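The exercises below ask you to work from the coordinates to a description of strand pairing, packing and overall dimensions. Each task is followed by a solution that proceeds step by step.

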Amino acid sequence: MASYTAPLREINFVLNDVLKVGRLAETLPAFADATPEVFTEMIETAAKFCEKELFPLSAPGDAQGCTRHPDGSVTLPDGFKEAFHKYAANGYVGLPNTTEYGGLGLPYTMAKVVEEMACSANVGFALFPGLTTGCFEAILANGNEEQKNTYLPKLGAGEWAGTMCLTEPQAGSDLGAVKTKATPQADGTFKLDGSKIFITGGEHDCTPNIVHFVLARVDGAPAGVKGLSTFVVSKFTLNADGSPTTARNGVTCSSIEHKMGIHGSCTCVINFDGAVGTMIGKPGEGIMNMFVMMNLARILVGVQGLGLCELATQNAIRYALDRKQGKTFNGQPTIADHPDVRRMLLTMKAVTEGARVLAYETGMYVDLAHHHEDAAVREEANDWVELNTPLVKGYCTDMAVDLGSMAIQVYGGHGFIREHGVEQILRDSKILCLYEGTNGIQAMDLVRRKLFLSEGRAVTRFFALVGKAATDASPDFAFISEPLKKALSDLEFATRWIHETFKSKPEEASFGCCDYLRAFSLVYLGYNWLRMAQAAAAQGDENFKAAKLNTARFFASKLLTQVTPLCETVKSGAGEFMSLPAAQLAA
Ligand SMILES: Cc1cc2nc3c(=O)[nH]c(=O)nc-3n(C[C@H](O)[C@H](O)[C@H](O)COP(=O)(O)OP(=O)(O)OC[C@H]3O[C@@H](n4cnc5c(N)ncnc54)[C@H](O)[C@@H]3O)c2cc1C
């Protein structure tokens, strides 16, 4: 059986010793009460909830899955409904949401920590509150007062659940192809007709109502993304006071998907047949409105990846420290002393701990971008959020798959057997690389948009910051600052090459975009490991210090060094590989 213990020591180290989370309470009046002590208390309570309430539902939920009944209703695995109510009652659904609409008004950073633990414990479950928060954010950003008053208090408190209805069979990555039609009515509402696929939480019995955030095209609007608008559609029609009636709106679930993983989450085909909805924001601004939700949702998906990296890592280490097999070179009894197993365990630790700093720091930038009083600080923080989002989403989720696979490798054949519980991590992780924009789309976002943002301001700032940290580091940390300087220099060259090549030969510059995202992420993690090594050196706990410095050395010599060959691959472009007619691939 897999197990889960929230890594509180590690979380507190990252928040307090590396990122100095106390800065939020000191500099943001909105979070004056969110002191490090409040963080610790909230996180410890949430950790117990995730360990004791969510994790025990994960494997049974995976085995049982969701059920669609002949009347179109859907039930979740046993215990999920009750867990959702408790999760909401504890305030975790609305943790970062404004108190004006039922939230706790706490930092987004704190929400990311709680979400990491919830995703480690039960990622299938964690999708429901995640989408509910996303729906809340979309309505908060662009809804009118009536829409906000009707939906936000319910979504913010987790009394109702939310969805994101974008995808259609012909419109996956290319949302400009969305066909769902919205016909204006005399009373200002719209009737929606169309079919959406792959809708997470599209139908279930967890909450008495579901709020759908829908991308659709007003009758007669232009083709492509410019013709898209966003709508809010309630599962049940609403009374004048906003309470749900017992009458269904024209929204039904015609089937649920049978999937590779996240079996506890229902993935629905949702049909809109004259469903009454109201427009969120202005006509034609649908893609912009959707990105309010999507950008934060991408960070959340990255945090889902981080949660699974942690789960894979801690189970692999626990198993390896117990499993005895063969003679090790150093005479120690367990497989953790076989060099190849040690390599895997250190890789898992180095990736997970480094990725945690990336994810939480991005959360802190979101808080600064939303709440700092100085516009210049908000602007800079916003640049960081823009730059970091594809890294958090792309890197943490790719790593969840890699580490899920590595955990099985550490377990050997036992990892392939269901009862050990680690094969579920691999099955649950793959979807993270696909939804909220595939990781290929994340890499294109980095190369096409983020590098060029405000004339490259964000990326230039990143290079300067990392360069200064490496140059200022004392000789005690040369083991990482020197390889970091080399990796940074290679990344800067590759970035310049992309800048110079993209305009005239976009295909050439795009071919290695996933390698570039990986190289960029590794440099960011190098910067994180430098800061972690420096913070660890000041710790009184000798065991913790030694482990941290050892992992930092491993990252510096075995993972950071991958940046150079990755950058070489990026700069070699597409060469002749795009000139081959695609049909010949099947020859
Ligand atoms: C379990 C599950 C849950 C989901 N939940 C939701 C949900 O709640 N709401 C919702 O609206 N959708 C949801 N989705 C849909 C998901 O967001 C899409 O599957 C995803 O956007 C990819 O679209 P696609 O599957 O059509 O793949 P495609 O768009 O066909 O992509 C196929 C491949 O082509 C690549 N590609 C496509 N276009 C480009 C491009 N321009 N540049 C470079 N590469 C490109 C992709 O990276 C990918 O490798 C869910 C999907 C699943 C499987």
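**Exercise 1.** Determine in which sense strands β5 and β11 pair, and over how many bridges; then find which other strands pair with β11.

*Solution.* In this predicted model, begin with strand β5 (residues 190-200), which pairs with β11 in the antiparallel sense over nine bridges; within this pairing, Lys196 stands opposite Ile270 of β11. Next, turn to strand β10 (residues 251-256), which is also antiparallel to β11 and is joined to it by five bridges, with Val251 standing opposite Phe272. Then take strand β7 (residues 228-234), where four bridges make a further antiparallel pairing with β11, and where Phe231 stands opposite Met279. Finally, consider how far β11 itself is covered: the strand comprises residues 267-280, and 10 of these 14 residues are buried, that is, they have under 20% relative accessible area.

**Exercise 2.** Identify the largest nonpolar core, say which helix gives the largest share of it, and describe the surroundings of Phe520.

*Solution.* The first step is to establish the extent of the largest nonpolar core, which has 173 residues, and in which Met117, Phe462, Tyr516 and Phe520 have the most contacts. The second step is to ask where its residues come from: helix α8 (residues 339-371) supplies the largest share, with 17 residues, while domain 1 (161-288) and domain 2 (439-576) each contribute at least three. Apart from this core lies another one, of 25 residues, including Leu152, Ile280, Ile287 and Met293. The last step returns to Phe520, which, when residues up to four places away in sequence are left out, touches Leu387, Leu391, Leu446, Leu451, Val459, Phe462 and Leu491.

**Exercise 3.** Decide whether the radius of gyration agrees or disagrees with that of a compact globule, and set beside it the dimensions, burial and contacts of the protein.

*Solution.* Start from the chain length: for 587 residues a compact globule would have a radius of gyration near 25 Å, and because the protein has 24 Å, the value agrees with that expectation. Along the principal axes, the C-alpha trace spans about 75 × 60 × 55 Å. Then examine burial, for which 58% of the 587 residues count as buried, and the accessible surface, which comes to about 23,300 Å², with 56% of it belonging to carbon and sulfur atoms. To complete the account, restrict the contacts to residues at least 6 apart in sequence, and 75% of these join residues at least 24 apart; the secondary structure of the protein amounts to 18 helices and 11 strands.

Key
Residues are numbered from 1 along each chain as its sequence is written. This is a predicted model: local features need pLDDT of at least 70, side-chain atom pairs count only at pLDDT 80 or more; totals for chains, interfaces and linings use all residues. Side-chain values use heavy atoms; hydrogens and water are left out. A nonpolar core is a set of buried Ala, Val, Leu, Ile, Met, Phe, Trp, Tyr and Cys residues joined through side-chain atoms within 4.5 Å. Buried means under 20% relative accessible area, exposed over 50%, partly exposed in between (1.4 Å probe, protein chains only). Helices (H or I, at least four residues) and strands (E, at least two) are DSSP runs, numbered from the N terminus. Domain bounds come from an automatic or database domain assignment. Contact means heavy atoms within 4.5 Å. The radius of gyration is taken over C-alpha atoms; the globule rule is 2.2 Å times the number of residues to the power 0.38. Accessible areas come from the Shrake-Rupley method with a 1.4 Å probe; for residues, only the protein chains shown count as cover. Two strands pair if DSSP finds at least two bridges between them.
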